[in-house]
Structures are given as C-alpha cells and as structure tokens.
Amino acid sequence: MAGRFEPGTSRTTVRGGRTRVPVGIPRQAGGGRTRRWTPPWPLDLGLALGPMRRGPADPTFRTTPDGSIWRATRTPAGPGTLRVAAGDGAVEAEAWGPGAPWLLDRLPELLGALDDPDVFEPRHRLLAHAQHRSPGLRLLRTGLVMESLIPSVLEQKVTADEAYRAWRLLVRRHGEPAPGPNDRLYVMPEPRGWALIPSWEWHRAGVDNKRASTILRAVRVAHRLEEAAAMEPEAAMARLELIPGIGPWTSAETIQRSNGAPDAVTVGDLHLPRIVGYALAGDRNADDEAMLRLLEPYAGQRHRAARLILLSGRTPPRRRPKMRKVDIGLL
C-alpha cells in the first residue's frame, strides 16, 4: 500500500533527479576495492545520484536488477567504475580501475555528506509536501567538473532527447570501456580525446558547431576548470563562464553536480521558470525574473527548492507543441 502514495515518474521528476532503482539483493564483491559506509540519515540512492544520469541509455550510468547503481567516470587518478547499493541502513560500494581509491575516498560527499537539508524551511505547502515525500534527498557532490560540464553544453538549446543521443554516441565512439565487470559502461574521453573528435563526428551526433566549439575551448583548459570543484559556488561559476559559450545556465547545471551547490538555481531555462511560477503562484507564464522573485525566500537553498518543485511533478498544462527536434546529422 505504501507504493500507492509514491509520486509517479515523469520527465519532470526525472529532471529533478528521480531515478528508479530496482529493489534487489546487492551482489557480492566482484574483485574490486570495497567500502562500507553507514550514513547517519535516511538515504535514497535514486534521488542522490539521479542528477548524474543523462538519459535512460547513458553509457556512464546504469541501474541493475540487483538494486545497484553503476557509475563510470574519469577521476584525477584515471578511469574508474563505482558500484553503489544500499541495504540494512548501510551503503556497500565497490570500485575498479586506477580511479577506484579516489572514488571510494569521496563516497560520503558524493552521496550528500556535505549537504545540510535541515537549513531548508519550506514556506509553501507544495514544497513542504515534496520534502516530506523525499526524506532521502541529498545534494550530491562529485568533485569533478568536466564530466558535468560537457553534457550540460550538449543540452544547450536542444531537446533532452537530442542531447542524450549526442552524449551517448560520442562517449561510446570516442570514450573507452570502463574498468570492472560491467561491459555496458564507458568512460568519457580524456580532454585530448575530445579535442581529436573530427568535425563530421560532431555533425553525425547532431551537435552544431557552436556547442562543439564551446566544448573544444573548455577541454583546452580542462585542468583549470577542474579546479573550480574546490571553489565556492559563485567563484566556480565565474571561472566556468570565462569560457565563451558557457553562460549562467550551463555553469549552474555543472556546479549543482560538481560542487553540490544548494543555491545554484538554473536561469535561462526554457521550462523551469514556468514550472516554478505555476507551482508556487499559479503563473504559467513566469519568466526568470518572476522565478527568482518567487524563490527569494529560499535564498541560499534555491536549487533545492527548484528540485523539490520538479520532484513534485506539478507542471502547467501544455499549450504548445514540444520543441521541434532537428537532427543536423541528416542535413
């Protein structure tokens, strides 16, 4: 009966970071390094790690029937694969590859140990209800900038499906198989690998020259951008926005994940202002200015407030067709 009252999954709730994790018995260790960690709060792995997933077929992120979440990434120590599963109040983690020690050392902060949701005070019934239904929500902190920046650039000015397809094709073709036993995972290319992707491959993946050029400018200074993960969110966003083609929308989407920034609200979004406006004030035509005004009571926690609104699933009825999909690879 409990499941009857759980919020359903929709595109909006998925964007809010809700990833369904199959309920199962975690598999036994498979030859990797292991760590067991007991969080002192209720933890929902699907909510904590959901924002890292870029579409249902993301080659760097998988959920498996045994209740595990798998993540493949490129750490400062090299490629690494992390498997995380929860049970009996504890988190069981296993990692493979040169980046395994780095990933296990940072497991608590990845799952929200540096986040403090208790400072958030909902002042609207919808937010209070969403917070009550999502007690395991914690803002993750990956400590890695490029793995969030590049897919965020791919998501500029296109539909989610187009961006997910581009990320999937580019990572599978130009990345490398992830270390460990999960042969469906890939690690994204290193900076030089992104720089060597020929123009026709970007075109084939549906990425226009503007987004491709932004990524190429970013990977040339990848080391300097990765330093932003240790900065305060405002300074981190400012550093990212020094790169032409990276604006407030992209920097916020990146820092939310790399730095766990609770106040990095996404501005310049096509849908978010209307969703926030409709949820908090019944205004389906709200713009960025109206959204920021409505979120002002949550200064310091505006990103958390926006996520809770997305997780509530309350969206304005659709009046116009979806954004038209344009596959430039066919042009």
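# Exercises on a predicted model

Asp88 is exposed, with a relative accessible area of 83%. The structure used in these exercises is a predicted model, and each task below is followed by a solution in steps.

## Exercise 1: Two residues with unusual backbone angles

Task: Find where in the chain Asp88 lies, state what is notable about the phi of Asp88, and then treat Lys157 likewise.

Solution. Step one is to place Asp88, which is found in the loop between strand S4 (78-87) and strand S5 (90-96). Step two is the backbone: the phi of Asp88 is near 55°, a positive value in a residue other than glycine. As background, most residues other than glycine have a negative phi. Step three turns to Lys157, which sits in the loop between H6 and H7 and has a positive phi of about 60° although it is not a glycine. Step four is accessibility: Lys157 has a relative accessible area of 76%, and because exposed means over 50%, Lys157 counts as exposed.

## Exercise 2: The nonpolar cores

Task: Describe the largest nonpolar core, naming the residues with the most contacts inside it and the helix that gives the largest share.

Solution. Step one is the extent of the core, which has 33 residues, with Met146, Leu149 and Trp194 having the most contacts inside it. Step two lists the elements that give two or more residues to this core, namely helix H6 (146-154), helix H7 (160-174), helix H10 (209-220), helix H11 (222-226), helix H12 (233-240) and helix H13 (248-258). Of these, H6 supplies the largest share, five residues. Step three follows one residue outward: leaving aside residues up to four places away in sequence, Leu149 touches Ala218, Leu225, Leu240, Ile246, Thr250 and Thr254. Step four adds that another core, of 21 residues, lies apart from the largest one and includes Leu49, Val91, Leu110 and Leu144. As a general point, nonpolar side chains tend to be buried together in soluble globular proteins.

Task: Explain why H6 can be called largely enclosed by the rest of the structure.

Solution. Step one is to go along the helix, where Met146, Glu147, Ser148, Leu149, Ile150, Pro151, Ser152, Val153 and Leu154 are buried. Step two is the conclusion: nine of the nine residues of H6 are buried, so the helix is largely enclosed by the rest of the structure.

## Exercise 3: Two helix pairs

Task: State how H12 and H13 are oriented to each other, and which residues make their contact.

Solution. Step one gives the geometry, in which H12 and H13 pack at an angle of about 130°, with their axes 9 Å apart. Step two classifies the angle, and the two helices are therefore oblique to each other. Step three is the handedness, since the crossing of H12 and H13 is right-handed. Step four names the residues: Pro233, Ala236, Met237 and Leu240 of H12 make the contact with Pro248, Ser251, Ala252, Thr254 and Ile255 of H13. Step five sorts these residues into seven nonpolar, two polar and no charged.

Task: Carry out the analysis for H5 and H16.

Solution. Step one is again the geometry: helix H5 (residues 125-133) and helix H16 (residues 302-312) pack at an angle of about 80°, with their axes 9 Å apart. Step two follows from the angle, which makes H5 roughly perpendicular to H16. Step three is the contact itself, where Leu126, Leu127, Ala130 and Gln131 in H5 meet Ala305, Leu308, Ile309 and Ser312 in H16. Step four gives the composition of this contact as six nonpolar, two polar and no charged residues.

## Exercise 4: Loop residues and contacts across the sequence

Task: Decide whether Ala261 is buried or exposed, and name the residues that Ala261 touches.

Solution. Step one places Ala261 in the loop between H13 and helix H14 (272-281). Step two is the accessibility: at 1% relative accessibility, Ala261 counts as buried. Step three gives the neighbours, which are Pro233, Ile255, Gln256 and His303, not counting residues up to four places away in sequence. Step four considers Arg141, 120 residues from Ala261 along the chain, with the two C-alpha atoms separated by 8.2 Å.

Task: Describe the setting of Glu227.

Solution. Step one locates Glu227 in the loop between H11 and H12, and step two assigns it as partly exposed, at 30% relative accessibility. Step three pairs Glu227 with Leu144, 83 residues apart in sequence and 8.8 Å apart in space, C-alpha to C-alpha. Step four looks at the whole chain, where 69% of contacts between residues at least 6 apart in sequence join residues at least 24 apart.

Notes: Residues are numbered from 1 along each chain as its sequence is written. This is a predicted model: local features need pLDDT of at least 70, side-chain atom pairs count only at pLDDT 80 or more; totals for chains, interfaces and linings use all residues. Side-chain values use heavy atoms; hydrogens and water are left out. A nonpolar core is a set of buried Ala, Val, Leu, Ile, Met, Phe, Trp, Tyr and Cys residues joined through side-chain atoms within 4.5 Å. Buried means under 20% relative accessible area, exposed over 50%, partly exposed in between (1.4 Å probe, protein chains only). Helices (H or I, at least four residues) and strands (E, at least two) are DSSP runs, numbered from the N terminus. Contact means heavy atoms within 4.5 Å. Axes are lines fitted to C-alpha atoms, for helices over the stretch in contact, and angles run from 0 to 180 degrees between N-to-C directions. Angles under 35 degrees count as roughly parallel, over 145 as roughly antiparallel, 65 to 115 as roughly perpendicular and the rest as oblique. A crossing is left-handed if the near helix is turned anticlockwise from the far one by less than a right angle, and right-handed if clockwise. Ala, Val, Leu, Ile, Met, Phe, Trp, Tyr, Cys and Pro count as nonpolar, Asp, Glu, Lys and Arg as charged, and the others, Gly among them, as polar.
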